[in-house]
Amino acid sequence: MRTQRIDPVNCSVARALAVVGERWSLLIVREALDGARRFGEFRARLGIASNLLSTRLDTLVAAGVLRRVPYQEPGDRQRYEYHLTEQGLDLRPTLIALLEWGDKYLAGPEGPSVVVRHRPADGDDVCGEPVRVTLECAVGHTHLPSGAVHRAPGPGARFLDGP
């Protein structure tokens, strides 16, 4: 029996990496999630070269992760702030998952440098507990071990000919 192979190029992981797979791109999104909006803020927080930052911001804007919002300080020319779109905000779980992995396998002996904590929106009931990413199936089963998850063809799958 011959098994059809799914085309690995026709993949949402590959498409996502084309947008945010470069190191600086996710760091820019991280800083935007922490409140950075202006070019100078990103440059100062990240220590990134201006030309590289400009290129990465352009890529994130073109991909719909960030949007440019004009502003002008009195006496200055118009400039732009960078605001996360819904697409950009939806990268938070990805960054938290990367942080968890890095904390588990790469943190120094002192432990993690950052802990992501729960801050309820109403501000009255402050939980403060650490946040973690949990895999959950559509039925609601949670805490799925890696071996309990597999890839299967989806509605947009393309198949390769041959073994």
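This passage describes the aromatic ring pairs and the charge-over-ring contacts of a predicted model.

A pair of aromatic rings is described by the distance of the centres and the angle of the planes. On this basis, two aromatic pairs are counted in the model. One of them is formed by Phe42 and Tyr82, whose ring centres lie 6.5 Å apart and whose planes make an angle of 70°, an arrangement classed as edge-to-face. Because Phe42 belongs to helix α3 (residues 39-46) and Tyr82 to strand β3 (residues 79-84), this pair ties together parts that are 40 residues apart in sequence. Phe42 has a relative accessibility of 0% and therefore counts as buried, and Tyr82, with a relative accessible area of 7%, is buried as well.

The pair of Trp101 and Tyr105 has a centre-to-centre distance of 5.6 Å and an angle of 50° between the ring planes, so it is assigned to the tilted class, which takes the angles that are neither under 30 degrees nor over 60. Both residues lie in helix α6 (residues 92-105), where a spacing of four residues places Trp101 and Tyr105 about one helical turn apart. Tyr105, at 51% relative accessibility, counts as exposed, since the cut-off for that class is over 50%.

Aromatic rings also take part in contacts with charged side chains. The charged end of Arg23 is positioned over the ring of Trp24, at 4.5 Å from the ring centre, while in a further contact the charged end of Arg38 sits over the ring of Tyr71, with a distance of 3.7 Å to the centre of that ring.

Note on methods:
Residues numbered from 1 in each chain as written. Predicted model: local features only at pLDDT ≥ 70, side-chain atom pairs only at ≥ 80, totals over all residues. Heavy atoms only, no water. Phe/Tyr/Trp six-rings, centres within 6.5 Å; stacked < 30°, edge-to-face > 60°. Helix = DSSP H or I, 4+ residues; strand = E, 2+ residues; numbered from the N terminus. Buried < 20%, exposed > 50% of the residue type's maximum accessible area, 1.4 Å probe, protein only. Lys NZ or Arg CZ within 6 Å of the ring centre and 35° of its normal.
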